[in-house]
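Reader: I am new to this structure, and I would like to understand the words used to describe it. Could you take me through them with the reasons behind each one?

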Amino acid sequence: MRRIPETITRSIYDTDHFVLVTHIHPDGDALGSMFGLADILECLGKKVFCFVEEPVSQLYAFLPGCVRANTDLEALHTFVRDAGGKVIVIALDSGDDNRLGRHKDDLLALTPCCIVIDHHKAHKEYGEHRWVEPTRSSTGEMVYELAMALGVELTYTSAFHLYVAICTDTGSFRYDSTHARTLRIASELVEAGVNPAEISSKIYDNFTVARLKLLQLVLATMTLYASDQIACIHVTRHMFTESGAAPQDIEGFIDYPRSLQTVKVAVFIKEGQEGQVAVSLRAKGECDVAEVAKLFNGGGHRNAAGFRFAGRNIDQVRGEVLDVLCKVLGNTQCGVAG
Ligand code: 5GP
Ligand code: MN
């Protein structure tokens with residue numbers, strides 16, 4: 001296990017004001033680790049500003065920390081000014097500075113010191129003090145270790161946030177990133193008062209009718225390739241209009257094609273605004289989809305990765321991705337399974 005760089009713990013002790021940021025379209029780990037760390041820093045008497053580019057998705061509205069999420073860039077600059085510029089920016093769960101969103105340059109220029117805490121395999125170096133551990137299940141797990149290193153006793157709220165972070169990034173402790181220490185940490189969080197059943201229910205039993213309708217439309221697109229080893233689904237903008245679902249409602253849909261017994265890689269192609277197409281990849285250990293995503297200038301983890309395309313339609317993107325995946329899986333031809 002890698003130790004937390006001393007420069008990180010020391011600069012946290014020595015600083016009073018922190019700006020916490022995470023990746024765009026933040027998921028459970030991004031938000032859970034950000035809000036959890038905010039609670040922990042406040043326990044040390046620090047002042048914290050949690051900046052997000054867009055309001056938090058309805059899927060995570062149950063996180064108590066949502067009240068901290070601030071989209072106001074002006075308010076952020078006032079916070080930094082009031083601190084006399086003595087501020088540390090901490091970027092959480094973002095494997096690439098470009099994933100910090102459209103204000104990335106502004107955020108990284110707020111202070112000469114940016115701490116990066118991340119667990120992505122395909123990590124692109126940025127920031128001054130970096131703690132990157134790809135063997136960690138989640139950034140939430142790392143924030144727990146940081147709290148221990150800082151000598152902070154976890155409150156119920158910080159434990160709640162960190163549990164959500166770990167639970168969502170491990171697919172409820174199912175992925176192979178779930179190590180003994182992941183479960184030990186989860187157990188400590190339960191000791192701190194977290195109720196796993198309550199959190200599971202808040203994460204998974206939260207579908208609206210519109211979201212389930214969208215799922216119906218998306219699953220109807222499922223196509224299998226390479227002797228059922230690859231499953232592909234897609235979502236169009238029209239499906240959102242038809243179902244009345246929100247953009248964030250697609251979270252977790254890729255787990256359905258991934259759940260097929262024969263599937264080694266699941267692909268989810270998402271039509272976005274202005275000719276943008278986003279692709280999510282999921283694997284089960286055999287195929288390293290982070291490497292596949294890198295070929296398309298994306299990134300992620302061995303079993304969960306993604307990338308973006310511009311100026312291509314869904315069919316073109318599917319063709320290009322299948323070409324690569326079929327080669328990786330050792331199939332020369334990638335016909336539709338009969
Ligand atoms: P998702 O499929 O849930 O959007 O993302 C899965 C994983 O791939 C996440 O860990 C995420 O950070 C990474 N990922 C998704 N899209 C991109 C992208 O466009 N660029 C990079 N570098 N990573 C991505
Ligand atoms: Mn993560």
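Reader: What makes certain residues count as donors to the manganese ion (ligand 2)?

Author: In this predicted model, the manganese ion (ligand 2) is coordinated by Asp29 (OD), Asp93 (OD), His119 (NE2) and Asp169 (OD), at 2.1 to 2.3 Å. Donors are N, O and S atoms within 2.8 Å of the metal (3.2 Å for Na, K and Ca), and because water is not among the atoms, sites may look incomplete. The donor residues are spaced D-x63-D-x25-H-x49-D in sequence. Aspartate 29 lies in helix α2 and histidine 119 in the loop between β5 (114-118) and β6 (129-132), so this pair ties together parts that are 90 residues apart in sequence. Helices (H or I, at least four residues) and strands (E, at least two) are DSSP runs, numbered from the N terminus.

As for how to read this, the model is predicted, so local features need pLDDT of at least 70 and side-chain atom pairs count only at pLDDT 80 or more, while totals for chains, interfaces and linings use all residues. Residues are numbered from 1 along each chain as its sequence is written, chains are lettered from A and ligands numbered from 1 in the order in which they are written, and side-chain values use heavy atoms, with hydrogens and water left out.

Reader: Why are α2 and α6 called roughly antiparallel?

Author: The axes of helix α2 (residues 28-43) and helix α6 (residues 156-169) come within 8 Å and cross at roughly 160°. Axes are lines fitted to C-alpha atoms, for helices over the stretch in contact, and angles run from 0 to 180 degrees between N-to-C directions. Angles under 35 degrees count as roughly parallel, over 145 as roughly antiparallel, 65 to 115 as roughly perpendicular and the rest as oblique, and α2 and α6 are therefore roughly antiparallel to each other.

Reader: Which residues of α2 and α6 meet?

Author: Contact means heavy atoms within 4.5 Å, and among the residues that meet are Asp29, Ser33 and Phe35 in α2 and His161, Leu162 and Asp169 in α6.

Reader: What makes threonine 139 buried?

Author: Buried means under 20% relative accessible area, exposed over 50%, and partly exposed in between (1.4 Å probe, protein chains only). Threonine 139, found in helix α5 (residues 139-149), has a relative accessible area of 0% and is therefore buried. Leaving aside neighbours within four places in sequence, threonine 139 is in contact with residues including Asp29, Asp93 and His119, and these three are also among the residues that coordinate the manganese ion (ligand 2).

Reader: Why is phenylalanine 173 called partly exposed?

Author: Phenylalanine 173, in the loop between α6 and α7 (180-191), has a relative accessible area of 22%, so partly exposed is the term for it. Leaving aside neighbours within four places in sequence, the contacts of phenylalanine 173 include Tyr163, Ile166 and Leu183.

Reader: How do you know that histidine 25 is exposed, and what is the sign of its phi?

Author: Histidine 25 has its place in the loop between β1 (17-22) and α2, and at 54% relative accessibility this residue counts as exposed. The phi of histidine 25 is near 45°, a positive value in a residue other than glycine. Most residues other than glycine have a negative phi. Glutamate 274 also has a positive phi of about 45° although it is not a glycine, and at 77% relative accessibility glutamate 274 counts as exposed.
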